[in-house]
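Here is a walk through some local details worth pulling up in your viewer. Have the sequence open next to the structure as you read.

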Amino acid sequence: MRATALHPATEADHECPHCRVRLRVEGWHVPGMRNLADLRCTACGREFYGDLAAGQALYTPMLLEKPTGEVHDPHGVGWFAGWLRDSYARRTDEPVPFEVQERRAITRHVVLLNCLDTLYGHSLLKLLNAQYHLERRAEVDLIVLVPSFLAWMVPDGAAQVWSVGLPLRRGAEWNEWLAREIRRRVEAFERVSLGHALSHPRPDEFDIERFTRVTPFPLDEWDARLIRPAVTFIWRDDRPWLAPTAGGAPPNRRERLRRLMAPPIRPEARQSELVSELAEALRRDLPALDFAVAGLVEASVRGDLPAWVKDMRRHELDAEAERGWCERYAASHVVVGVHGSNLLLPSAHAGGVVELIGPERWGNFTQDILFREAGDCRETLFRYRFVDELTTPADLARLTGMVLSGRESFRRLMNV
């Protein structure tokens, strides 16, 4: 069913960390991104909040002791425990913007899909679970709880959209005002379950076009569109590409560590130089190249790229601009960028991906990629490439160019 009973009865299975007896469920509490059961130990009387089965808590549920704020983390996931501990210690009762969009009458069992989070990628991945409930749970009405910046992506078919005006920097916030507002609205329905919000839904369980209303790159037109090959670099100020520039020697292990600990004073300038080298190297072999750069920038860096490159970077983002980016990704044979949630929507729309990834992100491999289904796994491996984050512009251009021009011969060779 991929949902956990929430109201009027709450389904939770936690054990007292002191007495090793099952905790009694006395209710539920949703003060933001965290979905919690209200719990009491019948042996020692201690009171807890415990994660309900949704999002990351499906895999690493935790307990928090109400009087002390101590978090019991049997899974050793420090970042998830820290968010719970810190948000509880700093809990607030401040009203936040809360908008309800009623798309149709609710007449059935309700599933609430909570997509609030402090990381953009987490919120987006949770939202992709909406399609499962819309297509495979005909007996329910879906309510989607989203940060306001993702409201434009809620697919048609949801009965209601609850948009919360919390910026990402406050996404892990424990807000008692919000908890009361959510409770008031949930209790207006006879029966409500909490959607599991898988952290990484399967590619066959969502169609990105239902969310962005943008049709992905047509793979059957790959070669026809090579008359003007399109590549888009996905820009990040906070996680830049810092490879050696032309003529620079590849760093040894010590140099790599130094760069990770102390990146250049102006990494955006260094990244501009690398991206420019990549674009020019590609254009030497592909004169008709259509090259663009998209992403958020904190400082003004206009004029730092070749004049022929489409500069689609922005200081701020809204729904219209993000949809415009998606249209650019969907026009791209290949998108290129450094590992991170910034590659989720580009990978879902483009024909292929070349990702730069360093050792510190190996454990997160493919978590930032929304694969497009292919009939043959070899086709997928050809179109999605992962290389060291210190790959030079020249080598990256060679690889990207090979993916652009070599797909059809690869398919013939492999009988795809």
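## Cysteines

In this predicted model, Cys 115 is buried, with a relative accessible area of 0%. Which cysteine sulfur is closest to that of Cys 115? The one in Cys 326, but at 16 Å it's too far for a bond.

The disulfide count for the structure comes to zero. Cys 16 isn't in one either: its nearest cysteine sulfur, in Cys 41, is 3.7 Å away, and the cut-off for a disulfide is 2.5 Å. Like Cys 115, which has a relative accessible area of 0%, Cys 16 is buried, and its value is 0% too.

## His 349 and its surroundings

His 349 sits in helix 9, which spans residues 344-349. Is His 349 buried or exposed? Its relative accessibility is 0%, so it counts as buried. The side chain makes a polar contact inside the helix neighbourhood, reaching the backbone oxygen of Leu 345 at 2.8 Å.

Leaving aside residues up to four places away in sequence, His 349 touches Ile 208, Thr 212, Val 214, Pro 216, Phe 217, Cys 326, Tyr 329, Ala 330 and Arg 372. Cys 326 turns up again here: its sulfur is the one closest to that of Cys 115.

## Helix 2, wrapped up

Helix 2 covers residues 120-127, and seven of its eight residues are buried, so it is largely enclosed by the rest of the structure. The buried ones are Tyr 120, Gly 121, Ser 123, Leu 124, Leu 125, Lys 126 and Leu 127. Note that a lysine, Lys 126, is on that list.

What does the covering? Among the elements involved are strand 8 (109-114), helix 3 (130-136), strand 9 (140-147), helix 5 (208-212), helix 8 (319-330) and helix 9. Helix 9 is also the home of His 349.

## Strands and sheets

Five strands make an open antiparallel sheet, ordered 2-3-4-5-6. Strand 2 (24-29) and strand 6 (71-72) are the edge strands with a single partner each, so one side of each has no neighbour in the sheet. Strand 2 pairs with strand 3 (residues 36-40) over five bridges, in the antiparallel sense. One pair to look up is His 29, whose bridge partner in strand 3 is Leu 36.

Strand 15 (residues 334-338) is mostly covered, with five of its five residues buried. Val 334, Val 336 and Val 338 point one way, Val 335 and Gly 337 the other. Strand 15 pairs in parallel with strand 12 over four bridges, where Ile 234 stands opposite Gly 337. Strand 15 also runs parallel to strand 16 (residues 352-357), joined by five bridges, and there Val 335 has Val 353 as its bridge partner.

## Aromatic pairs and charges over rings

How many aromatic pairs does the structure hold? There are 13. Take Phe 382 and Phe 410: their ring centres are 4.5 Å apart and the planes are at 25 degrees, so the pair is stacked. Phe 382 belongs to helix 10 (residues 377-383) and Phe 410 to helix 11 (residues 393-413), so the pair ties together parts that are 28 residues apart in sequence. Both Phe 382 and Phe 410 are buried.

Elsewhere, Tyr 49, Tyr 88 and Trp 174 form one aromatic cluster. Tyr 49 also has a charge over its ring: the charged end of Lys 66 sits 4.6 Å from the ring centre. Arg 283 does something similar with Trp 308, lying over its face at 4.1 Å from the ring centre.

## Backbone oddities

If you're checking torsions, start with the cis peptide bond between His 7 and Pro 8, where omega is about 10 degrees. Pro 8 is in the loop between strand 1 (3-7) and strand 2.

Then there are positive phi values in residues other than glycine. Ala 197 has phi near 50 degrees and lies in the loop between strand 11 (192-195) and helix 5; Ala 197 is buried, at 2% relative accessible area. Arg 213 has phi near 60 degrees. The loop that holds Arg 213 runs between helix 5 and strand 12 (230-236), and Arg 213 is partly exposed at 36%.

Notes: Residues numbered from 1 in each chain as written. Predicted model: local features only at pLDDT ≥ 70, side-chain atom pairs only at ≥ 80, totals over all residues. Heavy atoms only, no water. Helix = DSSP H or I, 4+ residues; strand = E, 2+ residues; numbered from the N terminus. Buried < 20%, exposed > 50% of the residue type's maximum accessible area, 1.4 Å probe, protein only. Polar contact = N/O pair within 3.5 Å; in protein donor to acceptor, adjacent residues only side chain to side chain. Contact = heavy atoms within 4.5 Å. Pairing = 2+ DSSP bridges. Phe/Tyr/Trp six-rings, centres within 6.5 Å; stacked < 30°, edge-to-face > 60°. Lys NZ or Arg CZ within 6 Å of the ring centre and 35° of its normal.
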